[in-house]
Amino acid sequence: MQKPLIIGNWKMNYTTVEAIGLCKNIMEELKDIDTVDIVVAPPFTSIEILSALLNHANISLAAQNVHFEAQGAYTGEISVAMLKHIDVKYIIVGHSERRTYFAETNEIVAKKAKAVLANGLIPVICVGENMVVREEKKYLEHIKNQLLPILNNLDENLAEEIVIAYEPIWAIGTGKSAKEKDAEEVLSYVRKLLQNTFSSDVANKIRLLYGGSVNAQNIASLLQESNIDGALVGGASLAAKSFVEIIDAVK
Ligand code: PGA
């Protein structure tokens with residue numbers, strides 16, 4: 001198995017002062033851990049100051065969104081180069097909240113993933129179905145329809161760097177995580193899609209995450225599954241204690 005990757009997505013929470021406080025607590029508690037890739041995704045406003053704080057630390061930074069164009073008249077948007085300049089390493093693209101509330105389509109997500117990768121950063125590509133699709137048992141088809149336009153738009157030479165997060169919408173923020181075998185069913189299917197798209201060497205290197213109500217109680221059993229290489233954590237990443245407990249359960 002690859003080194004596990006745990007990303008804390010803070011979403012639209014915390015002022016800069018609050019973010020610094022949380023980051024300092026996490027840094028202190030996790031400073032000796034080298035068996036887990038630890039990442040936090042604060043709001044844009046806190047990234048630069050946390051970047052200075054985390055200089056040489058074992059915690060990397062992610063952004064929660066980005067624009068696909070390099071520069072120009074896109075009021076309110078932020079480019080990959082701007083994020084790269086402040087040492088962001090990962091960028092979450094296509095989170096279901098962006099798809100739902102900000103009309104982000106697969107086409108847009110595909111452009112974002114390509115731009116992130118082309119600039120040497122790592123896109124964390126999110127996919128996942130809602131409860132209706134799950135109950136209709138169309139979730140594998142749904143995942144395929146979300147993922148293929150994105151994968152087909154990527155440069156195969158760079159593709160092994162990407163991260164894919166399966167986040168069923170019904171599990172996000174609900175306290176009802178997917179069962180291990182259900183998450184594994186989807187992620188082993190994602191692995192198959194990757195093997196059909198890229199060489200198996202590339203496909204097998206790509207890290208696959210599960211997200212949706214991950215906590216210190218369920219993370220260890222999720223990671224037992226062969227295609228779950230880590231987690232995208234929302235609510236439980238908002239307090240140092242619960243985030244540190246997750247990392248402790250993983251290490
Ligand atoms: P949650 O969020 O852990 O609060 O369910 C996960 C996510 O949206 O990435």
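A polar contact is a pair of N or O atoms within 3.5 Å; within protein, one must be able to donate a hydrogen and the other to accept it, and residues adjacent in sequence count only if both atoms are side-chain atoms. The model is predicted: local features need pLDDT of at least 70, side-chain atom pairs count only at pLDDT 80 or more, and totals for chains, interfaces and linings use all residues. Numbering runs from 1 along each chain as its sequence is written, and side-chain values use heavy atoms, without hydrogens or water.

**Exercise 1.** Find polar partners of the ligand's oxygen atoms, then state how much of the ligand the protein buries.

*Solution.*
- Start at the backbone: a polar atom of G234 lies 2.8 Å from a ligand oxygen.
- Go on to the side chains. An N or O atom of H95 is 2.7 Å from an oxygen of the ligand. For E167, a polar side-chain atom also sits 2.7 Å from a ligand oxygen.
- Now the area: the ligand alone exposes 280 Å², and the protein buries 95% of it (Shrake-Rupley method, 1.4 Å probe).

**Exercise 2.** Describe the shell around the ligand by class.

*Solution.*
- The shell holds 13 residues (a heavy atom within 4 Å); K11, H95, E167, G173 and S213 come nearest.
- Sort them: four are nonpolar, seven polar and two charged. Asp, Glu, Lys and Arg count as charged, and Gly is among the polar ones.

**Exercise 3.** Is Q146 buried or exposed?

*Solution.*
- Locate Q146: helix 7, residues 139-151 (a DSSP run of H or I, at least four residues).
- Q146 has 7% relative accessibility, so this residue counts as buried (under 20%, 1.4 Å probe, protein chains only).
- Check a distance: the C-alpha atoms of Q146 and C126 are 9.1 Å apart, with the two residues 20 apart along the chain.

Key
Helices (H or I, at least four residues) and strands (E, at least two) are DSSP runs, numbered from the N terminus. Buried means under 20% relative accessible area, exposed over 50%, partly exposed in between (1.4 Å probe, protein chains only).
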